[in-house]
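The following exercises ask the reader to work from atomic coordinates to a description of a fold. Each task is followed by a solution in steps.

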Amino acid sequence: MSYKEQINIERVPEHVAVIMDGNGRWAKKQGQERIFGHHNGVDSVDKITEAAGEIGVKYLTLYAFSTENWNRPESEVMGLMEILSAALKNNIGKMMKNNVRLLMIGDRSRLSEVTLKNMEEAEDLTKNNTGLTLVLAISYSSRWEIVDAVKQIAQKVKKGELDENAIDENIFSNHLSTRTIPDPDLLIRTSGELRISNFLMWQLSYSELYFTDVCWPEFKKEEFFQAIVDYQMRERRFGKTSEQVS
């Protein structure tokens, strides 16, 4: 029986987040440059987006480019941005056909004019789609996001628009870039690394974590469905006892 056949459609996670790791290491194992791995990783993005839509996942967030990734060699950064821009152009038709809505989270001020233009055009074209919401985290880091939220709140307090004593978790969450989407139920990280790497640290507070040794270019539908099956075997208590959630 395939992993997809084992999935309980009634218990599919609403929001799955993925740290797409291992492109460079996978490429080196093939005797290729790191950028070769990033090119092949695009196919996995396509396959996992399809897989998520097939089983009814409502939100899929992919960690495409971190704030720290700007520190990589300039040639690799430029290559990644070219791949991103090309993927957006090439897949807009498929997103429209599959009713996928695209959102971007991250520091847009650091993106090139061309990349930002392609991203915003794709967001605008798909904004009325009602199927899967694909969230791309680009030039994103959780620490950047949290500091930005604190600045927004501080400005409102300074202007008298917000009482500091009224600040709570909900108000803070409403100043994050993910304020319009629910927190992830499941985080998947590929390539065997066991950390969250400055990704959605506030939002992952109660997420289930799934780590696999499979590098991102080899992570396809069956690997994704395996992660969903593993998730469905867990008991999510949110601080309660087993008896309370049963």
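**Exercise 1. Place Asn 118 in the predicted model and decide whether it is buried or exposed.**

Solution. Begin with the secondary structure: Asn 118 belongs to helix α5, which spans residues 113-126. Next, consider its accessibility. The relative value is 9%, and the limit for a buried residue is under 20%, so Asn 118 counts as buried. Finally, list its contacts. Once neighbours within four places in sequence are set aside, Asn 118 is in contact with Ser 85, Leu 88 and Lys 89.

**Exercise 2. Determine how helices α3 and α4 are arranged relative to each other.**

Solution. Helix α3 comprises residues 34-55, and helix α4 comprises residues 74-97. The axes of α3 and α4 come within 10 Å and cross at roughly 30 degrees. Angles under 35 degrees count as roughly parallel, and α3 is therefore roughly parallel to α4. As to handedness, the crossing of α3 and α4 is right-handed. The residues of α3 that make the contact include Arg 34, His 38, Val 42 and Glu 50. On the side of α4, the contributors include Glu 76, Leu 80, Ile 83 and Lys 94.

**Exercise 3. Describe the open sheet, and explain why β3 and β6 each have one side without a neighbour in the sheet.**

Solution. First, write down the strand order: the open sheet has 6 strands, arranged β3-β4-β2-β1-β5-β6, with parallel pairing. Second, inspect the ends of this order. Strands β3 (101-105) and β6 (208-211) stand at the edges, and each has a single partner strand, so one side of each lacks a neighbour in the sheet. Third, note the twist, which averages 20 degrees from one strand to the next. Fourth, examine one pairing in detail. Strand β1 (residues 15-19) and strand β5 (residues 186-189) run parallel and are joined by 4 bridges. Within this pair, Val 18 has Ile 188 of β5 as its bridge partner.

**Exercise 4. Identify which residues of the largest nonpolar core touch the most other members.**

Solution. The largest nonpolar core holds 43 residues, of which Val 16, Leu 60, Leu 136, Ile 188 and Phe 224 touch the most other members. Helix α4 supplies the largest share of this core, 7 residues. A second core, separate from this one, has 13 residues, among them Ile 19, Tyr 59, Ile 105 and Val 135. To follow one residue further, take Leu 60. Beyond four places in sequence, the residues that Leu 60 touches include Val 16, Ile 48, Ala 52, Leu 134 and Val 135.

**Exercise 5. Compare the phi values and the accessibility of Ser 197 and Leu 200.**

Solution. Start with a general expectation: most residues other than glycine have a negative phi. Ser 197 has a phi near 50 degrees, a positive value in a residue other than glycine. Leu 200, likewise not a glycine, has a positive phi of about 50 degrees. Now locate the two residues: Ser 197 is in the loop between β5 and β6, and Leu 200 is found in the loop between β5 and β6 as well. Their accessibility can then be read off. Ser 197, at 27% relative accessibility, counts as partly exposed, whereas Leu 200, at 2%, counts as buried.

Key. Residues numbered from 1 in each chain as written. Predicted model: local features only at pLDDT ≥ 70, side-chain atom pairs only at ≥ 80, totals over all residues. Heavy atoms only, no water. Core = buried A, V, L, I, M, F, W, Y, C linked by side-chain atoms within 4.5 Å. Buried < 20%, exposed > 50% of the residue type's maximum accessible area, 1.4 Å probe, protein only. Contact = heavy atoms within 4.5 Å. Pairing = 2+ DSSP bridges. Axes fitted to C-alpha atoms, helices over the stretch in contact; angles between N-to-C directions. Parallel < 35°, antiparallel > 145°, perpendicular 65-115°, else oblique. Left-handed = near helix turned anticlockwise from the far one by under 90°.
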